[in-house]
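Work through the exercises below with the sequence and the model open side by side. Each task is followed by a solution that proceeds step by step.

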Amino acid sequence: MSLNLTLNNALSGLQVNQSALTVISNNIANVNTPGYSRKVLQQQTRTLVNVGSGVEVSGVNRQVNKFLQRDLIANTTALGYANVTAEYLNRSQSLFGSVGDNNALGNALTSLATAFEDVAVSPEISAHQFTAVSQAVSAAQRFNQMQDNIEDMRLQADIEINNAVTLINQQLEIIAEINGKMPQALALEQPTGDLEDARDAALNKIADLMDVQHFVNSDGEMTVLTGGGSQIVSGPNASVLEHSQSTLITATQSYPTNLSGVHLNAGGVLTPANDITSQIKSGRLNALFEMRDVTLPSMTAQIDQLAAAARDEINRAHNRGANTPLGQGTGAGDPAAMLGTRAFNNTGDAMTLGSDVTMVILDADGNIVGAPGNIPAGATTPDAVRNSIDTFLGGLGSAQWTADNEMEIKLEPGHRLAFRDNGPATEGGDTQIDFDADGDATADTFHGLSNFFGLNNLYETPQLGGGVAAMELQGDQTGVSRTLRVRSDLIESPEFLSRGRISGTSPDFVLGNGNNEVAQELADVFGANFSFASIANGPPGLTTTIAGYAGTILSYNSAITSAADSQAEYQGFLHQDVTTRVLSESGVNVDEELANMVIFQNAYQASARIVQTANEMFDTLLSIGN
């Protein structure tokens, strides 16, 4: 053995302990750095010709539990999904209001029912008529606002989807860039812990947005796949995810017909072949797609069904009344006194009237003008009914088709046309009409002649995309809550609100100013039970009142919001628990680092003492030689 070997051993100890102290100082400096994992210096005996020749650094490794890391990634994905779901559902709750809240939809409908009751008590008081029309407008506006807000939320979700895709692409580039550095760093035996920390941080950001799978090969490169198995990072190469952001979303727009999903390496050409939306099964991105394409459209369907039921039942009662606008002339440029909303593809299609319908012309005071007319029960056609009305009006008016084949009735100034169905009392006197309105070769059942043609509606629902107005079994009913409105001439002249119907026996029909039959029937609509169909991802089918279904919508959405809050809270606790366990394994413990610092400091001092001793021994040898 030589003093040179002793000195070299001591010097190697100095170098290794110095490196260890450098690693410890870096750990302590990053004790509060998010995503930083504790680094541990690995050392090994250095040998020369089978003889120990000191110590050397074999590497600086991260202290990471890979199984806990995978658990953390999975829980990050689940938490991202739960948080977005809870966030959007809580925002949607403000649309429905709460029990006892004046802004609740059910309360708006109750206020409308109360206004109709007031009209029924005193049908001749104009203030009650004005209030009833005003409440009808308010209820319609509440429907409109709710659907507006749902459309805004769907658009916001689409914007967030686009932002998420942008962020994912950024993180994929980071992972790919780090992958490109790893093989060379490993070949040169350079520390890679900080690179791996940065790569894991990028992966965790992606995991918050979407579920991913990953593995690291022998070259230190990470391969990342979607939850469905599509490769999005391989070595130094990152795929590109694409999404086409919408600028406007309406109730009739849906994925994939009108709305974009996530596409892989599409090169700007988004097709079903490169659509990987179905492969994203969790994370914030999946929750955003569910909100945009499932949950919020379900809310639209619920509100639409309520709006359509209120529209149809209120219109059915309102069409029984005789208080239609007074005629303003029969010239080509004169407005229609009664303008139907049902459009016919073929006015010659077969229809059947279950009972006779009486027609009466009234003057401005409600007095009968001329003899009553009659539309007989039995087989007929829409055009035959129009012809009967036109013939009956004679010189006092006309009944024609518009360009959309909707019935348009014009009357001489100061005249009204009233219909009296002679149907069964169980149907409110409405005649039953059988007509194939939806073109499925099976006759559909309607009630009330005026109601069938839509001649005296209170509510209208124009189509979102134009075309003929939506009404019972006509047009697309999707989004009708967005377009629900009170007929414009009723807003301008609330006295045209239906309050009574013609009574008496032919030919001695009368319409008194105090007749309140229709006003009462309008109020009774809100106390009657109707069948509501089940809604996908919504309430089950049930029979209840209009206000009752509004309450069902509120209760159902409150329940799923509460469940989402509970799930988000649970996932939050679970994520925190896993995070704590990960930190306990890979986080920096200052006390432990300081204890290790003392150990390496002492070892450094001991190695320095050996160097000093060897130096003294060299001096002794030199002095002997002299």
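**Exercise 1: a small sheet**

Strand β9 is joined by 2 bridges to strand β15 (residues 407-411), and the two run antiparallel; strands here are DSSP runs of E with at least two residues, helices are runs of H or I with at least four, and both are numbered from the N terminus. The model is predicted, so local features require pLDDT of at least 70 and side-chain atom pairs pLDDT 80 or more, whereas totals for chains, interfaces and linings use all residues. Residues are numbered from 1 along each chain as its sequence is written, and side-chain values use heavy atoms, without hydrogens or water.

Task: determine the strand order of the sheet and identify which strands stand at its edges.

Solution. Begin with the pairing rule, which asks for at least two DSSP bridges between two strands. Met338 has Ile409 of β15 as its bridge partner, and 5 bridges join β14 to β15, again antiparallel, with Trp401 opposite Met407 in β15. The result is an open sheet of 3 strands in the order β9-β15-β14. β9 (338-339) and β14 (397-401) each have a single partner strand, so they stand at the edges and one side of each lacks a neighbour in the sheet. Finally, inspect the hairpin of β14 and β15, where 5 residues lie between the strands and Asn405 in the turn has a positive phi of about 60 degrees.

**Exercise 2: a charged network**

Task: establish which salt bridges Glu521 forms with Arg320 and Arg501, and whether these residues are buried or exposed.

Solution. Apply the criterion first: a side-chain nitrogen of Lys or Arg must lie within 4 Å of a carboxyl oxygen of Asp or Glu. Glu521 meets Arg320 with the closest N and O atoms 3.2 Å apart. This pair links helix α11 (residues 517-524) to the loop between α6 (283-318) and β9, the two residues being 201 residues apart. Glu521 also pairs with Arg501 at 2.5 Å, N to O. Arg501 belongs to the loop between α10 (488-492) and β21 (503-505), 20 residues from Glu521. Next, check accessibility, where buried means under 20% relative accessible area, exposed over 50% and partly exposed in between, with a 1.4 Å probe and protein chains only. Glu521 and Arg320 are buried, and Arg501 is likewise buried. To finish, trace the shared partners: Arg316, Arg320, Glu427, Asp430, Arg501, Glu517 and Glu521 are joined into one network.
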